[in-house]
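Welcome to this short tour. Open your viewer, load the model and follow along from stop to stop.

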Amino acid sequence: MGYGKSKLESPLVALPDCNYNSRMRNPVIVALDVPTAEAALKLVEQLAPVSGGFKVGSELFTSAGPDIVRRIRGLGAPVFLDLKFHDIPNTVVKAVAAAVQLDVQMLTVHASGGVEMLKVAEQVAQESAWKLGHAPPLVLAVTVLTSLDTAALSQIGLDPNVSRQVRRLANMANQAGLRGLVCSPREVVEVRQIVPASTQLVTPGIRAQSAPADDQKRTLTPREALSLGANWLVIGRPICAAEDPRAAAEEILKEIAE
Ligand code: C5P
């Protein structure tokens, strides 16, 4: 089982009508953390030309079901399915195979699900995709949630040193063959020292200097995250909860370009 890493290209592509800078891949993935399909599709319509893809998470998926993924894909936008699978390997295999049927470009599993779970998640993603004749999604291992800090980690009984815990999980995910990781922008530099240069680092916890952090504990600005080595920025509330989401997204892209 398994396919050579060199055959695989980054699965997300810039939208053809991206008016930001057509020569540059748009790194902003908009988190569609909204409760209904209607609200999500309205945002996709507004934001498709200025975003690199859309993240469908637990809230939207639970209320709107897999059909919302098909509809976004039907509009031609890349989808990051963020359901953070964390279960026994057999169950995760079935869930990943189902996600591949939806033709998503990225999906998440919790690194803390263990090395065996990670290995089979990557293997089944590749096998199922090749059977369907499309590129495999990037299976991303979630290291430590960006909402957790030292106190929260020790409460769970994990290493309270966030950085050490992230490095431990990143190393395990890399050994399991995963080609991408989710980490806080504050850990990008140390994670980069552990994983190959081709590993895609996806960072939530992105906030402009003046914006409220909300429940995120370990944030950086979009520009800081990219300059430290993040490949993709996941941005939710700063765009979707803005009075004018399109203007908010454009402002972020402008800041990155500057
Ligand atoms: O609104 P905000 O920009 O904080 O949204 C961040 C998004 O990234 C949310 O959808 C959240 O579920 C997701 N996420 C995260 N931390 C992780 C993994 C995913 O905040 N470690």
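Start by selecting the ligand and the 17 residues around it, where a residue counts if one of its heavy atoms lies within 4 Å; Asp-33, Lys-55, Thr-146, Arg-207 and Arg-237 come nearest. You are looking at a predicted model, in which local features need pLDDT of at least 70, side-chain atom pairs count only at pLDDT 80 or more, and totals for chains, interfaces and linings use all residues. Residues are numbered from 1 along each chain as its sequence is written, and side-chain values use heavy atoms, leaving out hydrogens and water.

Next, colour the shell by residue type. Taking Ala, Val, Leu, Ile, Met, Phe, Trp, Tyr, Cys and Pro as nonpolar, Asp, Glu, Lys and Arg as charged, and the others, Gly among them, as polar, you will find eight nonpolar, three polar and six charged residues.

Now zoom in on the ligand's oxygen atoms and look for polar contacts (pairs of N or O atoms within 3.5 Å). Select Asp-33: an N or O atom of its side chain is 2.7 Å from a ligand oxygen. At Gly-236, a polar backbone atom lies 2.8 Å from an oxygen of the ligand. Move on to Arg-237, where a backbone N or O atom is 2.7 Å from a ligand oxygen.

Finally, show the cartoon (helices are DSSP runs of H or I with at least four residues, strands runs of E with at least two, numbered from the N terminus). Strand 3 (79–85), strand 8 (232–235) and helix 10 (237–240) are the elements that each give two or more residues to the shell around the ligand.

Terms used
Polar contact = N/O pair within 3.5 Å; in protein donor to acceptor, adjacent residues only side chain to side chain.
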